[in-house]
Amino acid sequence: MKAVERAKLVRSLRQESRRLRLLVLVIGFFLVTLTFVVVSKPDALLFNLNGRLSVDQAPRSLLIRQTVDDVQGQGSAAQDPKVVDDDDEGTGEAEEEKRVLTSEPEQAKNEEKTTTSQLLGSGGEKGKKGKDEGHQHGHHKMTLPTVSNYTIRDTEDSDNAKQEDSKSEAETKLGAVADKNDASGRSRQQALNNAGWERKPLCDFSNFRANVCEMRGNIKIHPNASSVMYMEPASSKRNEQWKIKPYPRKGDELCLGKLRELTVKSSKVAPECTKYHNVPAVVFALTGYTGNLFHDFTDVLVPLFTTASEFNGEVQFLITDMAVWWTNKYHVVFEKLSKYPLIDFNKDGDVHCFKHAIVGLHAYMEFTIDPSKAPHNYSMVDFNRFMRRTYSLPRDTVSALGEIPKSKPRLLIISRMRTRMFLNLPEIIKMAEELGFEVVVEEANVSSDLSHFSKVVNSVDVMMGVHGAGLTNCVFLPDKATLIQIVPWGGIEGVCRIDFGNPSEQMGLRYKQYSIAVHESSLTDQYPLDHEIFKNPLAFHKGFEFIRQTFMDKQNVRLNCNRFRPVLLETLDQLNQ
C-alpha cells in the first residue's frame, strides 16, 4: 500500500508541477505584453501618418472626450471634416456629454444608446473656435480616457501641411453648415439675453439708500420731457412707469425736494432720436448736499465710481441739476471715469438713444462700498487706489520707521476755523513734536485746491482731526497710514465710526477713535457741570438736526495732551511694525 500511495503522490506532484509551469508561462507572457504596451504605446497606432483619426475608426470614449475638450476650448480634434456642430441638438447635448463623462460605468451604460453624431455635438460657438484653433496650430493634443492619462502629440511633418491644404468639398460644405449654426446659436443667445432683461422690472427700489433703474435694449432719453423711455415691441404687454430723483439720499425730502424728478417708463411711442450713442448712459443728479466735502464723496463720487468704473471710460454721463463749479472742481475724476463730455440734462434739448442706460447711482452705507453687492465686487480699497491714481499721488503705502534715514513720521492735523476747533493747537503741536513727529497743519474747506491738498495728505503717515468733513481727505492717504478721529462730547461715537471709522478701515487704513472728556469740551463754558447735557447727553438726541446744532455747531475742543499722548505713542509703535 505504501508503494501505491507513493506512486499516487508522485503523479500528483507532477500534475501540480505542470500547472505551476503553465501559470508561470501565462504570467510571464502577460508581463511581457504589459511591458510592450507601456514602452511602445501601441495606442498611437490608432492614428494614421497624417496625425488624424477618422471618426469611423475612433473609439466612442475618445469621441466623447474630444467633444468635451472642444466645448471647453481645450481640444483641437474638431479639424476632422465630420466633427462639426449639430446645432439642432442644442446645448443640452453638451451637458449630457459632460454628465456621461463623470463616471466610466455611466459611460458604459449610455454607450449603446447614443449615436456618434449626438456625441459629437459641441453646441455652437465654442466648437467652431476649437476648429479654427486646430487649423492655426501645427500640432495639437488629445487626451485618451484609457488606463493612463498621458498625451499623444501629432508629428509635425509635410503630410500635415498637405492635408491642411487639401480639404475636401464635403468638409467645406460642413464648415459652412457649422458657421450657419454658430450664427443662429449666437442669435438665440442674444435673444435669450434680451428676453432676460425684458422680463426684469425697469427699476429696483429695494435699496434703503438709493433707487436705481437699469435697462438694455432700445432706450430714448428725452431731457425736455424729463423722461427715460424703454421702447417696447408692439406685441408687448408691459406697462411700467417709475418716478425717480437720481440722488442717493432716498427718503430725505429736505435734500431731494429741489431736485428734478425723472420718469422712467416702458413705451411704444417716442420722438425720433437726434443723437445716437454707442456707449452706455449713466444719469445722476448733483446739488443735494454737494458742496460739503463729505457729501461730495459719500453722495456722488463713491457711488459714481461704483456704478461707472466697469465701463473703463466708455460711458456717457448725463447730469441733472448740474453745478458747473462743482464739475470743474472734480474734473479730473470725471475725466478718469468717462472719455466723453458731460451732458447737462436740464439744458439739453436732444433725444438721446442708447442700448444700455442706468438712472441713479449704486450706493450703500455712508462713504462705503459693499463688495457683495457692488459690480465686480468693488471695494473701498479699489476706490482709495483709484483716487491716488486719479491725482497722480506717489505713495501707495507707508514706510516703516527707519527705512528712510533721518526721516520722521509725518503727522497732519486738520484744523477748523469755525466750529469744532482745537483751542490749544500750539500745545498739541509741541507734544507731537516731542514724541518725534514732523507736524503739518492744514485747513480743509470747500475752496481748498484738491490737487494740492491731496499731495499733502498723501505725504503723511498719520492724519488727525475733530469729526467733520475734513477727515474725508483720508481717501488720499497711503495704505497702512493711520486716521485718528477726535469725537466731540455728546454720545456721538456711533455716528463718527459710521462716517469715518468703518470707511477708513475698509480702505486699508489704521483707525483710532478718541472721545473727549467733559473738561475737554467748550460746552463747559456754556453749561454748568451738573447740567443734563453732561449727565445724560443721549437725552439730547432728538433727531440729527438737533444733535448737529447742539454738539457740533456749538462745540470746540481743548485736547488734554497728557490723556491723548498714549494714542500717539501707540500709533508710533504701529508705524514701527
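Mentor: A disulfide is taken here as a pair of cysteine sulfur atoms within 2.5 Å. The model is predicted.

Trainee: By this rule, what does the count of disulfides come to?

Mentor: The rule asks for cysteine sulfur atoms within 2.5 Å of each other. Cysteine 203 and cysteine 213 form one such pair, and cysteine 273 and cysteine 353 form another. The count of disulfides is two.

Trainee: Is the disulfide of cysteine 203 and cysteine 213 right-handed or left-handed?

Mentor: The sulfur atoms of cysteine 203 and cysteine 213 are 1.9 Å apart. The torsion about their S-S bond is about 100°, so the disulfide is right-handed.

Trainee: How many residues apart in sequence are the parts that cysteine 203 and cysteine 213 tie together?

Mentor: Cysteine 203 belongs to strand β3 (residues 203–204), and cysteine 213 to strand β4 (residues 212–222). The disulfide therefore ties together parts whose separation in sequence is 10 residues.

Trainee: Are cysteine 203 and cysteine 213 buried or exposed?

Mentor: Buried means under 20% relative accessible area. Cysteine 203 has 7% relative accessibility, and cysteine 213 has 0%. Cysteine 203 therefore counts as buried, and cysteine 213 is likewise buried.

Trainee: Is the disulfide of cysteine 273 and cysteine 353 right-handed or left-handed?

Mentor: The sulfur atoms of cysteine 273 and cysteine 353 lie 1.5 Å apart. The torsion about their S-S bond is about -75°, so this disulfide is left-handed.

Trainee: How many residues apart are cysteine 273 and cysteine 353?

Mentor: Cysteine 273 sits in the loop between β7 (262–267) and β8 (275–276), while cysteine 353 is in strand β12 (residues 352–359). The pair links distant parts of the chain, with a separation of 80 residues.

Trainee: What relative accessibility does cysteine 273 have, and what does cysteine 353 have?

Mentor: Buried means under 20% relative accessible area. Cysteine 273 counts as buried, as does cysteine 353. The value for cysteine 273 is 16%, and for cysteine 353 it is 5%.

Trainee: What pattern do the disulfides of the chain follow?

Mentor: The bonded cysteines are counted along the chain. One disulfide joins cysteine 203 to cysteine 213, and another joins cysteine 273 to cysteine 353. The pattern is 1-2, 3-4.

Trainee: Are cysteine 255 and cysteine 561 buried or exposed?

Mentor: Cysteine 255 has a relative accessibility of 5%, and cysteine 561 has a relative accessible area of 6%. The cut-off for buried is under 20%. Cysteine 255 therefore counts as buried, and cysteine 561 too is buried.

Trainee: Which helix holds arginine 18?

Mentor: Arg18 helps form a positive surface patch, along with Lys8, Arg11, Arg14 and Arg21. The helix that holds arginine 18 spans residues 2–40 and is α1.

Technical notes: Residues are numbered from 1 along each chain as its sequence is written. This is a predicted model: local features need pLDDT of at least 70, side-chain atom pairs count only at pLDDT 80 or more; totals for chains, interfaces and linings use all residues. Side-chain values use heavy atoms; hydrogens and water are left out. Helices (H or I, at least four residues) and strands (E, at least two) are DSSP runs, numbered from the N terminus. Buried means under 20% relative accessible area, exposed over 50%, partly exposed in between (1.4 Å probe, protein chains only). Patches are made of residues with over 30% relative accessible area and no salt bridge: like charges are joined within 9 Å, nonpolar side chains (Val, Leu, Ile, Met, Phe, Trp, Tyr) within 5 Å. Accessible areas come from the Shrake-Rupley method with a 1.4 Å probe; for residues, only the protein chains shown count as cover. A salt bridge is a side-chain nitrogen of Lys or Arg within 4 Å of a carboxyl oxygen of Asp or Glu. Lys and Arg count as positive and Asp and Glu as negative; His and the chain ends are not counted. The place of a charge is taken as NZ of Lys, CZ of Arg, CG of Asp or CD of Glu.
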